[in-house]
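The following exercises concern contacts, pocket linings and strand pairing. Each task is followed by a worked solution.

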Amino acid sequence: MHLSKTFIPTLRETPQDAEIASHRLMLRAGMIRRVSSGIFTFLPLGLRALRHVERIVREEMDRAGAIEVLMPGLQPRDIWEQSGRYDLMRDVMFRIHDRQGHDLALGPTHEEVITGLAAHEIHSYRQLPCTFYQVQTKYRDEIRPRFGLMRAREFVMKDAYSFDASWDAADGSYQAMYDAYERIFKRCGLHVKVVEADSGAMGGQWSHEFMVLADSGEDGLVDCNRCAYAANLEKAERAHTATPSKSGDSVCPSPENVATPGATTIEAVAALLDVAPHRLIKTLIYTADSRPVAVLTPGDREVNELKLARILGCRELAAADAPTVERVTGAPVGYAGPIGLSIPIHADLDLRGASDYVCGANQADTHTLHMDIDRDVTVTGFADLTNARDGDGCPHCDDGVLQGKRGIEVGHVFKLGTKYTEAFDARYLTAEGEEKPLVMGCYGIGVTRTLQAVIEQHHDANGICWPASVAPYKVVLLPLNPSHEATCETTERLSAELTAAGWEPLIDDRDERPGVKFKDADLIGYPVRVVISERSLAAGGVEVKARTADKPRTLPLADAILYIGEQLS
């Protein structure tokens, strides 16, 4: 391929609306262009790289025994109501009406569609196990599209769905997809961290995320410095130890109210009373399915609302508004405390046995000293209710310490169980003639996000540093004087031999200065650059440089072919 015959509009300036390196580089390298917020056109270079990622995904899905299908982007509202997810997902859906007034949605995911298919087509244990997958465009009405393809409103996703006869068999399908994901990301050149995750709106009992570690990642996670434990912050647990009483073994004094005018935050109260924040109890009022509940945490901790919702078993959880707080506690926001509350009270595990703490007094401008949780508070239950963070103890080993990191989620695998198959009456007959629900798994990879994640993990100050497996072109040939006959002949010969070897060369035949060609080659990030010039030919060959090498090497043509192959293997 000659560059003059394709379209690669590189940019010299950094686009102002690009917030992270990979987004900037995709724009500057002429891979994508923005149409609207969260909506992009793929240009030829970006499309070639995307197709390479899709090829790897398909090869590994096929290798794992999955069967490719293609489901519709348009989905009727009634299947979402049947699964019970319409109200849960409606805010993220693009919802439309056809000319007959029927409600439709652009599919954000396809559990409902595939389970309906299984309900109609799978009837016997002889048809199991069965895993379907597709590579298809998804649509989600993101509140804040950002970071280019990382959080887009239209994106390419690989989603797969397994159906099995039992939980044990489903574990086998889950493991097969888990292993396939590890191969996919390794082949894409990505270093990923697999973490325990919350199943969220998908439902199910267990899930793992495949995270690309990056400072620009939107997702927080922790992993142990000693054992294999790792989890995203929504799911992460930590070792809990009750803070010892401030007064040691002595009896905690009786509660005492003190004036704290205007001190409505932990920081303000801690400073006013000269108390460490972790010695304060933060009392937060929530509504769980419209019923008020109180949540107690140490003052230096943040509530994990996903954990809280699971503990409460509620569908809707929200921080109570100011009127509700005042009605429940008798005080304005900032002065709530657990003593005397008549609503359910849930406390973090760190507060077991908490004695001689400070809390709100349920009176304006007032806090209470010497609170003893066992003596003064009626606690409904203790549970892990707060976010894990850097420096916490590992919950799975004795001396491990959790390390906080940032990551980009590129894949997610779920054990869904029978949540959807029961809703859609997807059942099969066992060998004994008994009717049972299919057991289901769900497995997603953000294909466009994976492409950008590769760039986020593989770039330097000069541009992209593509892994050969997903590079849009693996080799760029730079003839510095296209009018020189020997240069042209050598370039075409080298291109033919590289093409025959499957190395996908691109000839930069533009009438541009060598410096422009070198800068574009580094920006676009071809894994290997080959310079063909009168000087290199006079020296006996061509000048070959791997993208990440410090210096080029001048090699005879035959040796150059072998060397290029070694760099790309």
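**Exercise 1: Strand pairing around β7**

In the strand β7, residue Y133 has E68 standing opposite. The model examined here is predicted.

Task: Determine which strands pair with β7, and in which sense, parallel or antiparallel.

Solution.
- Step 1. Strand β3 (residues 67-68) is joined to β7 by 2 bridges, and the two run parallel.
- Step 2. Strand β8 (residues 154-164) pairs with β7 over 10 bridges, in the antiparallel sense. Within this pairing, Q136 has M157 of β8 as its bridge partner.
- Step 3. The surroundings of the strand can then be assessed. Of the 10 residues of β7 (residues 130-139), 8 are buried, so the strand is largely enclosed by the rest of the structure.

**Exercise 2: An aromatic pair and its cluster**

Task: Classify the ring pair F185 and F210 as stacked, tilted or edge-to-face, and state which parts of the chain the pair ties together.

Solution.
- Step 1. The search of the whole structure yields 6 aromatic pairs.
- Step 2. For F185 and F210, the ring centres are 5.8 Å apart, and the planes meet at 40°. Pairing requires centres within 6.5 Å, while planes under 30 degrees apart count as stacked and those over 60 as edge-to-face. The angle of 40° falls under neither heading, so the pair is tilted.
- Step 3. F185 belongs to helix α6 (residues 167-187) and F210 to strand β10 (residues 206-213); the pair therefore ties together parts 25 residues apart in sequence.
- Step 4. Both F185 and F210 are buried. Together with Y178 and Y181, these two residues form one aromatic cluster.

**Exercise 3: Charges over rings**

Task: Identify which rings have the charged end of K415 and the residue R553 over them.

Solution.
- Step 1. K415 places its charged end over the ring of Y174, at 4.9 Å from the ring centre.
- Step 2. R553 lies over the face of Y563, 4.7 Å from the centre of that ring.

**Exercise 4: The second largest pocket**

Task: Describe the second largest pocket by its volume, its lining elements and the classes of its lining residues.

Solution.
- Step 1. The pocket holds about 380 Å³ of space.
- Step 2. Its lining comprises 23 residues, of which T264, K282, T283, L284 and G334 are the closest to the centre.
- Step 3. The elements giving two or more residues to this lining are α7 (266-273), β14 (281-288) and β18 (355-360). The largest share, 6 residues, comes from β14.
- Step 4. By class, the lining consists of 15 nonpolar, 6 polar and 2 charged residues.

Methods
Residues are numbered from 1 along each chain as its sequence is written. This is a predicted model: local features need pLDDT of at least 70, side-chain atom pairs count only at pLDDT 80 or more; totals for chains, interfaces and linings use all residues. Side-chain values use heavy atoms; hydrogens and water are left out. Helices (H or I, at least four residues) and strands (E, at least two) are DSSP runs, numbered from the N terminus. Buried means under 20% relative accessible area, exposed over 50%, partly exposed in between (1.4 Å probe, protein chains only). A charge sits over a ring if NZ of Lys or CZ of Arg is within 6 Å of the ring centre and within 35 degrees of the ring normal. On a 1 Å grid over the protein atoms alone, a cavity is a set of points where a 1.4 Å probe fits but cannot get out, and a pocket is an open set with protein on both sides within 12 Å along at least five of seven lines; lining residues have an atom within 4 Å of a point. Grid points are joined across faces, edges and corners, and a volume is the space filled by probe spheres set on the points. Ala, Val, Leu, Ile, Met, Phe, Trp, Tyr, Cys and Pro count as nonpolar, Asp, Glu, Lys and Arg as charged, and the others, Gly among them, as polar. Two strands pair if DSSP finds at least two bridges between them.
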